[in-house]
Every structure is written in C-alpha cells, then in structure tokens.
Amino acid sequence: MVNSSHEAMHRIFQEYPGLFTGVSKVLGLPFSAPRAVTVLPTDLTEYRPVERRVDTLMRFDSGEDESFLLAVEAQSGKDKDKPASWAYYMSFLYAKYKTPPLLLVVCQDRATAEWAARPMRIGPPQWAALTLQPLVAGPHNMPVITDPAEARADLALAALSAITHAKDPAVDGILKALSTALQDMTEAVVDPIIEFTAQGLSGNRRAAEIWRNLVAVDLSFYKSYIAEEIRDEGRAEALVQKGAEDVLLVLEARGLDVSEVVRERVTSCCDLEVLRRWLTRAVSVEAAEAIFGEVGGAS
C-alpha cells in the first residue's frame with residue numbers, strides 16, 4: 001500500500017532534481033550536475049501484460065552528452081518479488097528510450113537498504129545474463145545533517161537525511177537543524193520542504209511529532225497542510241474548553257453546588273459530544289453530580 005512516507009522518498013527528487021547530484025556525491029559517484037532534467041511518465045505498462053509503474057522516473061541531460069534515466073523507488077521493507085520488477089524496469093526503459101537507465105532505491109531502515117543493495121544475477125549458475133545493481137540511499141549511507149548551515153546549503157538533502165533517518169535517535173538533531181535552516185526563508189522555499197519532511201516521517205510517530213512541534217514553535221504558519229492540522233487542533237481545543245465552561249456556568253447560574261470533583265471531571269473531559277450531553281442535563285438536574293447520568297449508567 002502506498003503511504004505518505006513512500007511518496008516523499010521518491011517525489012522529493014521530482015521537486016528537487018538537483019538532489020540526485022547531492023546524493024551521488026554522498027555515494028561517491030562522479031555524476032556531474034545536469035544541464036536539464038525532465039520528469040517522465042512512470043507508466044511502464046505494455047499493451048497486454050500486467051500494468052507496471054515505477055515510483056519516479058526522470059531524464060538527466062548534461063552538457064557532456066552523458067544523458068541517463070533515473071528511476072527512483074521507495075522501499076519500506078524486503079520484498080522477494082521486487083528485484084525481478086526492478087530488472088524489468090531497467091530493461092524496458094533501455095529498450096524504450098535507448099538511454100542508459102539507473103535505479104536508485106530509497107529506504108528508511110538498514111536491513112532493507114542492505115537487502116536492496118545486493119546485486120541480483122539473472123541467469124543460470126554458470127553465467128549471469130543480466131545483473132541488477134541498484135544504488136541505495138538509506139540510514140547506512142545518508143549523512144546525519146545536524147548543522148543548520150549545512151542544512152541550509154542543501155535543504156532537499158537535509159530533508160532526505162531526516163526521512164532516511166526517521167527511525168534513528170539522530171533524527172532529533174537533523175530535524176532541529178532543518179527547522180533552524182528554514183527560518184527567515186520565503187514561503188515558496190519553506191512550504192514544500194515542510195510538507196515533504198512531514199510526509200516522509202509519517203510512518204514514525206515520534207519523529208513526526210518532533211517535526212510538528214518544531215514547525216509550530218520555530219516556523220511561521222505557512223499554507224502547508226501540517227500548519228492547517230495544527231490550527232485545527234487549536235480550534236478543537238478551544239471548543240472543548242468553552243464546552244466545559246458552559247456546563248459549569250449553567251450549573252452555577254442555577255444555584256447548584258459544584259464540588260471540586262465535579263469541576264475536575266468536567267474540565268478534564270476532552271470529548272465535545274460528552275460535554276454537550278452534560279450541558280443538556282445541566283439545565284434540569286437537581287444536583288450537579290446528576291449531569292453524569294444515573295449511578296451505574298453511561299456518562
């Protein structure tokens with residue numbers, strides 16, 4: 001099933017094509033900066049066979065006649081059938097575009113990354129007719145960027161650093177450096193980085209919560225969906241607080257004795273529907289405790 005972190009791990013290359021140049025340097029490969037990058041259709045379906053789609057597909061063209069295709073696949077776990085699909089992608093792309101294809105697999109855990117990096121030999125034991133050898137970016141080789149200046153120098157690489165290290169304790173420092181680097185930048189620059197990072201961390205609750213808190217504290221409320229979620233949460237909390245105040249106000253206005261036990265239970269309730277039910281009862285009950293329902297009954 002495709003999820004947000006899966007999308008972020010490959011779509012960030014579409015949004016920031018220059019990210020591959022940074023990743024290739026980290027991996028020690030001599031890919032020069034492209035003169036032009038084209039995002040290509042990801043549908044690799046033939047006319048009759050089963051539909052096949054690569055996650056992200058791009059064409060890199062340099063000024064030195066070194067064009068190549070880059071297929072980016074996000075992989076969340078080991079899948080014994082995946083290497084065969086990857087081999088198909090590479091063969092199909094080379095046959096269709098007559099341009100050398102390259103496969104980059106992005107992972108969020110070391111075990112998956114090491115599995116994906118193993119060369120796959122296709123053919124009899126005596127001779128491999130085809131060998132698949134993906135490039136792999138994951139927590140085992142992506143940099144841990146905890147310096148805001150380094151993060152600011154390549155925001156996309158810093159975001160990918162956070163995404164690939166989402167399950168590592170080091171993610172705290174990466175996210176702090178990234179949020180610091182984004183301060184005072186324009187909305188056009190900040191918005192997509194916030195969103196890609198949030199999506200990429202969605203599979204890890206702790207890292208996602210750290211990022212949400214950093215966005216709330218360190219960054220302005222741009223138009224990204226994470227900021228909208230924070231606003232929505234604030235509105236929900238305000239409604240709950242007002243609901244509790246209304247219940248207590250009605251009880252006190254009717255001259256009923258509101259004990260500390262009742263007050264504590266009302267103010268600690270976070271369920272707006274329950275508060276509304278208590279408010280309805282507060283209009284007619286003879287004692288404040290009765291808003292919670294009869295003894296043994298539902299609240």
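**Salt bridges and the packing of helices α6 and α8**

Being 4 residues apart in helix α4 (residues 110-117), Glu114 and Arg110 are separated by about one helical turn, and in this predicted model their side chains meet in a salt bridge, with a distance of 3.8 Å from N to O. The pair falls within the limit applied here, because a side-chain nitrogen of Lys or Arg must lie within 4 Å of a carboxyl oxygen of Asp or Glu. Glu114 is partly exposed, with a relative accessible area of 43%, and Arg110, at 46% relative accessibility, is likewise classed as partly exposed.

By this rule, the model contains 10 salt bridges, and two further examples among them involve residues with other degrees of exposure. Asp61 is paired with Arg59, and the closest N and O atoms of this salt bridge are 3.0 Å apart. Asp61 has a relative accessible area of 18% and is therefore buried, since the buried class covers values under 20%. Its partner Arg59, with a relative accessible area of 25%, is partly exposed. A salt bridge also joins the side chains of Asp81 and Lys80, at 3.4 Å from N to O. In this pair, Asp81 is partly exposed, with a relative accessible area of 47%, whereas Lys80 counts as exposed, its relative accessibility being 75%. In general terms, side chains of opposite charge can pair when their charged atoms come close.

The packing of two helices was also examined. Helix α6 (residues 155-164) packs with helix α8 (residues 187-200) at an angle of about 15 degrees, and their axes are 9 Å apart. The two helices are therefore roughly parallel to each other, because angles under 35 degrees are assigned to that class. The crossing in which α6 passes α8 is right-handed. On the side of α6, the contact is made by Leu155, Ala156, Ala159, Ala162 and Ile163, while α8 contributes Val189, Ile193, Phe196, Thr197 and Gly200. Sorted by class, the residues in the contact of α6 with α8 comprise 8 that are nonpolar and 2 that are polar, with no charged residues. The polar class includes Gly under the scheme used, so that Gly200 of α8, one of the contact residues, is assigned to the polar class by that scheme.

Conventions:
Residues numbered from 1 in each chain as written. Predicted model: local features only at pLDDT ≥ 70, side-chain atom pairs only at ≥ 80, totals over all residues. Heavy atoms only, no water. Buried < 20%, exposed > 50% of the residue type's maximum accessible area, 1.4 Å probe, protein only. Axes fitted to C-alpha atoms, helices over the stretch in contact; angles between N-to-C directions. Parallel < 35°, antiparallel > 145°, perpendicular 65-115°, else oblique. Left-handed = near helix turned anticlockwise from the far one by under 90°. Contact = heavy atoms within 4.5 Å.
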